[in-house]
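Me: Please take a close look at a single part of this chain, namely its charged side chains, and describe how they pair or remain unpaired.

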Amino acid sequence: MRSISYLILFCLFSPISILAKSPPSIVNMKCEYLVEPIGVDVAHPRLSWQLHDERNGAKQTGYQVFVGTDSAQVASGKGSEWATGKVISDNYLIKYSGKKLLPFTIYFWRVDVWDKEGKKVQKISISKFETGVKEMSNWKGAWISDVQDVTLKPAPYFRKNFQSSTTKKIKSARAYIAAGGLFELTINGEKVGDHSLNPMYTRFDRRNLYLSYDITKQLRNGENVLGVLLGNGWYNHQSTAVWFFDKAPWRNRPTFCMDTRITYEDGSIEIITTDRSWKTSLSPVIFNSIYTAEHYDARLEQLGWDTPGFDDTKWKNTILRAAPSQNIVSQMLHPIRKGMELEAKVRKFNDSTYVFSLDKNISGVSKLKVKGEKGTVIRLKHGERLLKNGKVDLSNIDYHFRPTDDKDPFQTDIFILNGNGEETFMPRFNYKGFQYVEVSSSRPVSLNNESLTAYFMHSDVPVSGKVTSSNKTLDKIWEATNNSYLANLFGYPTDCPQREKNGWTGDAHIAIETGLYNFDGITIYEKWLADHRDEQQPNGVLPSIIPTGGWGYEWGNGPDWTSTIAIIPWNIYLFYGDTTILSDNYQNIKRYVDYLDQISPTGLTSWGLGDWVPVKSKSSVELTSSIYYFVDATILAKTAKLLHKQADYEKYRSLAEKIKHAINDKFLHKESGIYAKGTQTELSAPLFWNLVPSELKAKVAANLAKKVTAEGFHLDVGLLGTKTILNALSENGYADLAYKIASQETYPSWGWWIVNGATTLYENWDIDAPRDISMNHIMFGEVGAWIYKSLGGIKADPESPGFKNVLIKPHFVEGLDSFAATHESPYGTIKSSWEKSGKTINYRLTIPPNSTATVSLDKIKDRKIYIDGKAHELKEIKLESGFYNIKLIDP
């Protein structure tokens, strides 16, 4: 009996369980990085999968893919559209290369995989994808609207009553809808989909996005009603601010185009299109601005407007409009959704004034439930901080708002009651950045904690990382970084969710690794790089905010900001091992670098904003901008080599060397090992971006360490320096020092924000700064990536990207007792965790199937290393996939 008990305990706690492992299988089958997507428009969609195999050394030795339109045939191992045959390869990502894909068609696909022993995985795995409109000529509907007046404030309703067959059974139905502006689609009174703020913001006069919906279950035989409510979004911007959104060249009254395709069991197809027969009327949404707020007059509601039987005889016919552009493509990315629901605590000032407080700062909307007299006007003011009297303070976020009157208050929804019992209001076409909501009413109302609910809205990208440690402040910094990252992801990366909502390029490339370690964001970035292509001038120049209505070509751009065109595609390649985004943007990167080369014949440039919002020390703009010029040229050379463009490779490698020499010749004092004036940014940026001559790295790094120590282990950097300082220290022998900076709890530091109540990252190190004090900015967010890279030691290998080979080099820093990080790579879960016990460090590492790892461990003095009980003398160890229990013991 005792032996059985010992056996059970051994099985439970042994690193390598003797319990039976599940058989190998194929999981996470995706098309274009989405699960069973509808609306695939690309000619050669990417298909990917993962091998689930719990054995050490698990890997794929071959694969075979079948694609067809008959699910039963595909399940039986036949591919009418494409069959690859057995391919001896460990590739997990391939491009469809079969027959031409037809529009409006469901394709099933199966992948067979052979494991490390050459045995075929027995469990059959099948997935599917569905093509969309594909060609512009396949659209049948017209673009329609209600009027041409861009100043008209109420949002328009549209409805179409139609009869589907009463004798034929509906097999399937799809709705394809594109819009200039935002839309909410209903069928027979029921909202279609769980998305918000569709379609995503683009340069509307150059590219429009459409969405595809499966509406089979919502249609009925007989009478049906299609309903559409249109919002302004970024298409018809009626609010005024310093970025001149209202002057966008595409601006017009919202418009849309829709085809509804009904397929019956007998194979016949019926298409309901947008045309002049649709009816339109103004809605109770009397004003909507993506930038400021939404106003709703419940007295104007038309109950049942989108259901059969409604009397629309007083409604007008629609008007026809030209399409905003001739490039309408499918919106193939993770949608914006209302995610986390947050409860609020209320403080009552009087019967007409209440303030609701959330536990954290978010992007999103609030929903109010209230009873009151007809005509009562309720205002919901959203803000990030409170005045001394406890009411909402907007002074830190309305700095750049330029209202023309008092009818469009900033971040303030207006709700006018109809007096019919309990009423509910939640905006459809707006989001805000807030932690507090001040509710004021023109007449007394009774509110309690349950009256208001907040929703955290953002692009609903899957989570791909997790961090925990023995330092709770560090954990909160990581969580705050993620909160700010998500709060600034709305189909494109923004700087803040309240004051601007702009796609600032510098903020985005600084935070790219933080985003990719924590979230599966490739679909968002591929869309945003298409926005870059739309916005790039013929000479290569990019604006500082993307998309833009025209602002940003004259200020804020330059290589330190608009290097997004090179840095983001390169990082996507490193994290996913997919060259598509590099190929798609190659000519754009080249055009940009060529422009820099043209205006910077010496290899140096002063074009740029520099180290934005530093603590106190200002760094040389010429140095930092020239460094990013070097980074762009280097990425272009590497990309040219990957894409087999040898002449370009030689040209841009030479250019990168020229820039490197120019920087070092002007700014590096070789005797002292100091760059420029020796600020933290001026020392760390050359180290991080590999400009320092190898023989001087130790000297420059030592100077950086001295500089940081002299500052009491505090930061003295701005945006560009936050990208480089922690990494430069960790990568050059000063990881303990980097951790001291990252874990600081006194000003200036990330921890200083946390101990003062922050749940997101701020725009300024100084909490009481007179300006630049948004409390939800991602621009200082590199610390989130550094935690993975330095403490977890998890890095992508440029020679074997996509974590095909994982570079593992954890730093067991002084002052931290335990740490754990996981990252969901394209091959599966990477886990890196450690804890200290006396003189022993217990390190546990998991490498997913089909991957390998190069492990480098800090060897201090005579520290002994044991892997699964076996002694290892090598500092660098090559490991195959599997779980490893590593002990590092000091003598």
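Reply: In this predicted model, Asp53, Arg55, Asp115, Glu117 and Lys119 are joined in a network of salt bridges. Across the structure the count of salt bridges comes to 47. Side chains of opposite charge can pair when their charged atoms come close.

One pair, Arg207 and Asp531, has its closest N and O atoms 2.2 Å apart. This salt bridge links distant parts of the chain, 324 residues apart: Arg207 lies in the loop between strand S13 (190-191) and strand S14 (208-214), and Asp531 belongs to helix H6 (residues 522-535). Arg207 counts as buried because its relative accessibility is 6%, and Asp531 is buried with a relative accessible area of 1%.

Another salt bridge joins Asp297 to Arg299, at 2.9 Å from N to O. Here Asp297 is buried, at 7% relative accessible area, whereas Arg299 counts as partly exposed at 41%.

Glu711 and Lys616 also meet in a salt bridge, with an N to O distance of 2.9 Å. Glu711 sits in the loop between helix H13 (697-710) and helix H14 (719-730), while Lys616 sits in the loop between helix H9 (580-599) and helix H10 (621-642), so that the pair links distant parts of the chain, 95 residues apart. Glu711 is partly exposed, with a relative accessible area of 26%.

Turning to unpaired charge, Glu341, Glu343, Asp359 and Glu450 form a negative surface patch. Of these, Glu343 is located in strand S24 (residues 336-343) and is exposed, at 70% relative accessible area.

Conventions:
Residues numbered from 1 in each chain as written. Predicted model: local features only at pLDDT ≥ 70, side-chain atom pairs only at ≥ 80, totals over all residues. Heavy atoms only, no water. Patch = residues over 30% accessible without salt bridge, like charges linked within 9 Å, V, L, I, M, F, W, Y side chains within 5 Å. Areas by Shrake-Rupley, 256 points an atom, 1.4 Å probe, with all protein chains shown as cover. Salt bridge = Lys/Arg side-chain N within 4 Å of Asp/Glu carboxyl O. Lys, Arg positive; Asp, Glu negative; His and termini not counted. Charge placed at Lys NZ, Arg CZ, Asp CG, Glu CD. Helix = DSSP H or I, 4+ residues; strand = E, 2+ residues; numbered from the N terminus. Buried < 20%, exposed > 50% of the residue type's maximum accessible area, 1.4 Å probe, protein only.
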